[in-house]
Amino acid sequence: MTRIALVTGGARGIGRAISLALKDTGATVAANYGGNDAAAKAFKTETGIPVFKFDVGDFDACKEGIATIEAEIGAIDILVNNAGITRDKPLHKMDPEHWQAVIDTNLTSAFNLTRGVIDGMRERGFGRIISISSINGQKGQFGQANYAAAKAGLIGFTKAVALETASKGITVNAIAPGYIATEMVKAVPEKIINTKILPFIPVGRLGEPEEIGRCVVFLASDDAGFITGSTLTANGGQYMA
Ligand code: CAA
């Protein structure tokens with residue numbers, strides 16, 4: 001059976017690798033993106049994966065985006081809540097906008113999207129919901145009160161929705177990547193990467209986006225039906241939750 005997957009933030013970074021990994025399994029993939037039209041267009045041309053622009057932090061925009069995808073492609077079986085941003089500042093320099101933007105895009109988005117697909121999944125008796133959390137939601141990180149709160153929130157969200165849907169053939173899981181070689185991590189000052197991050201990754205390197213793509217493929221598979229409410233950590237040994 002061909003599954004249909006929606007990956008938010010699915011045209012760049014970890015999301016891009018997730019979209020491609022799911023496509024490789026034979027799934028039909030739709031990639032959401034938020035703002036970078038040029039990158040999304042290039043991604044579509046290169047991969048053949050259709051892209052859908054809407055703000056994951058906006059409930060009505062998500063409802064409309066899901067309706068468009070379901071009309072054009074079909075009912076969504078696999079939802080990957082991947083879209084995320086950073087607005088790193090120590091709390092004493094953090095403004096309400098830095099807080100709210102990260103909470104909206106990284107956490108409220110999971111409610112907006114999951115709420116939009118859950119009725120259909122319950123009716124069909126199958127679903128896979130996978131949210132991309134972070135090592136920094138598990139252990140905290142200097143400069144990331146907003147991001148750590150949102151990513152920790154995804155873990156609680158995952159456990160609650162897993163309980164509610166376990167009897168309906170739906171699994172709900174989180175993945176907590178460590179530091180992965182993407183633009184987001186490359187934006188961290190080099191001095192911080194070299195002194196505060198890399199020395200603490202026991203495998204001695206950043207992760208690759210494809211390594212997270214393979215985690216998603218596993219949790220999205222029919223074979224993973226007994227795994228729900230879990231958080232799969234993939235961080236090179238940096239933090240053992
Ligand atoms: N641990 C301990 N101390 C740290 C630190 C850390 N991780 N990061 C910075 N500091 C220290 C600096 O060394 C500096 O100390 P000195 O003044 O003694 O030199 C001090 O904190 C700087 O403090 P300021 O209040 O002046 O902070 P700032 O305004 O310069 O902002 C920052 C600092 C923006 C937080 C910057 O340090 C930074 O970008 N840190 C990286 C945060 C990070 O790791 N983000 C992860 C992004 S990737 C991601 O989020 C993906 C994922 O899921 C893993």
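**Exercise 1. Is R3 buried or exposed at its relative accessibility?** Classify R3, then describe its surroundings.

*Solution.* The structure is a predicted model.

Step 1. Place the residue. R3 belongs to the segment that precedes β1, the strand of residues 4–7.

Step 2. Compare the value with the cut-off. Buried means under 20% relative accessible area. R3 has a relative accessibility of 14%, so R3 counts as buried.

Step 3. List the contacts. With neighbours within four places in sequence set aside, R3 is in contact with A27, T28, D77, I78, F126 and D222.

Step 4. Look for a polar contact. The side chains of R3 and D222 make one, at 3.2 Å.

**Exercise 2. Describe the surroundings of the ligand, beginning with the closest residues.**

*Solution.*

Step 1. Count the residues. The ligand is surrounded by 21 residues, and the closest are D88, K93, S134, Y147 and Y179.

Step 2. Read the short distances to polar side-chain atoms.

- D88: a polar side-chain atom lies 2.8 Å from a nitrogen atom of the ligand.
- Y147: a side-chain N or O atom is 2.7 Å from an oxygen atom of the ligand.
- Y179: a side-chain N or O atom is 2.9 Å from an oxygen atom of the ligand.

Step 3. State how much of the ligand is covered. On its own, the ligand has 1,000 Å² of accessible area, and the protein covers 65% of this.

Step 4. Assign the shell to elements. Two or more residues each come from α7 (183–186) and α8 (190–197). The largest share, three residues, is given by α8.

Step 5. Sort the shell by class. The shell has ten nonpolar, eight polar and three charged residues.

**Exercise 3. Locate S134, one of the residues closest to the ligand, and state which residues S134 is in contact with.**

*Solution.*

Step 1. Find the element. S134 sits in the loop that runs between β5 (127–132) and α5 (135–139).

Step 2. Classify the residue. The relative accessibility of S134 is 5%, so S134 counts as buried.

Step 3. List the contacts. Apart from neighbours within four places in sequence, S134 is in contact with Y147, K151, I175, A176 and P177. Y147 also appears with S134 among the residues closest to the ligand.

**Exercise 4. How are the rings of F59 and F111 arranged?**

*Solution.*

Step 1. Choose the quantities. A pair of aromatic rings is described by two values, the distance of the centres and the angle of the planes.

Step 2. Apply the cut-offs. Rings pair if their centres lie within 6.5 Å, and planes under 30 degrees apart count as stacked. The count by this rule is one aromatic pair. The ring centres of F59 and F111 are 5.9 Å apart and the planes are at 20°, so this pair is stacked.

Step 3. Place the two residues. F59 is in helix α3 (residues 59–72) and F111 is in helix α4 (residues 96–124), so the pair ties together parts that are 52 residues apart in sequence.

Step 4. Classify their accessibility. F59 is partly exposed, with a relative accessible area of 33%. F111 is partly exposed as well, with a relative accessible area of 41%.

**Exercise 5. Classify M94, V185 and P202 by relative accessible area, and give the contacts of each residue.**

*Solution.* The contacts below leave aside residues up to four places away in sequence.

Step 1. Take M94. M94 is in the loop between β4 (78–81) and α4. Its relative accessible area is 14%, so M94 is buried. M94 touches R87, K89, W99, A145 and N146. From C-alpha to C-alpha, M94 and G143 are 8.8 Å apart in space, with their positions 49 residues apart in sequence counted as separation.

Step 2. Take V185. V185 is found in helix α7. Its relative accessibility is 10%, so V185 counts as buried. The contacts of V185 are Y179, I180, I193 and L206. V185 and V29 are 156 residues apart in sequence, and their C-alpha atoms are 25 Å apart.

Step 3. Take P202. P202 is found in the loop between α8 and α9 (209–220). Exposed means over 50% relative accessible area. P202 has 59%, so P202 is exposed. The contacts of P202 are G236, G237 and Q238. P202 and A234 are 32 residues apart in sequence, and their C-alpha atoms are 12 Å apart.

Definitions and conventions: Residues are numbered from 1 along each chain as its sequence is written. This is a predicted model: local features need pLDDT of at least 70, side-chain atom pairs count only at pLDDT 80 or more; totals for chains, interfaces and linings use all residues. Side-chain values use heavy atoms; hydrogens and water are left out. Helices (H or I, at least four residues) and strands (E, at least two) are DSSP runs, numbered from the N terminus. Buried means under 20% relative accessible area, exposed over 50%, partly exposed in between (1.4 Å probe, protein chains only). Contact means heavy atoms within 4.5 Å. A residue is near a molecule or strand if one of its heavy atoms lies within 4 Å of it. A polar contact is a pair of N or O atoms within 3.5 Å; within protein, one must be able to donate a hydrogen and the other to accept it, and residues adjacent in sequence count only if both atoms are side-chain atoms. Accessible areas come from the Shrake-Rupley method with a 1.4 Å probe; for residues, only the protein chains shown count as cover. Ala, Val, Leu, Ile, Met, Phe, Trp, Tyr, Cys and Pro count as nonpolar, Asp, Glu, Lys and Arg as charged, and the others, Gly among them, as polar. Rings of Phe, Tyr and Trp (its six-membered ring) pair if their centres lie within 6.5 Å; planes under 30 degrees apart count as stacked, over 60 as edge-to-face and the rest as tilted.
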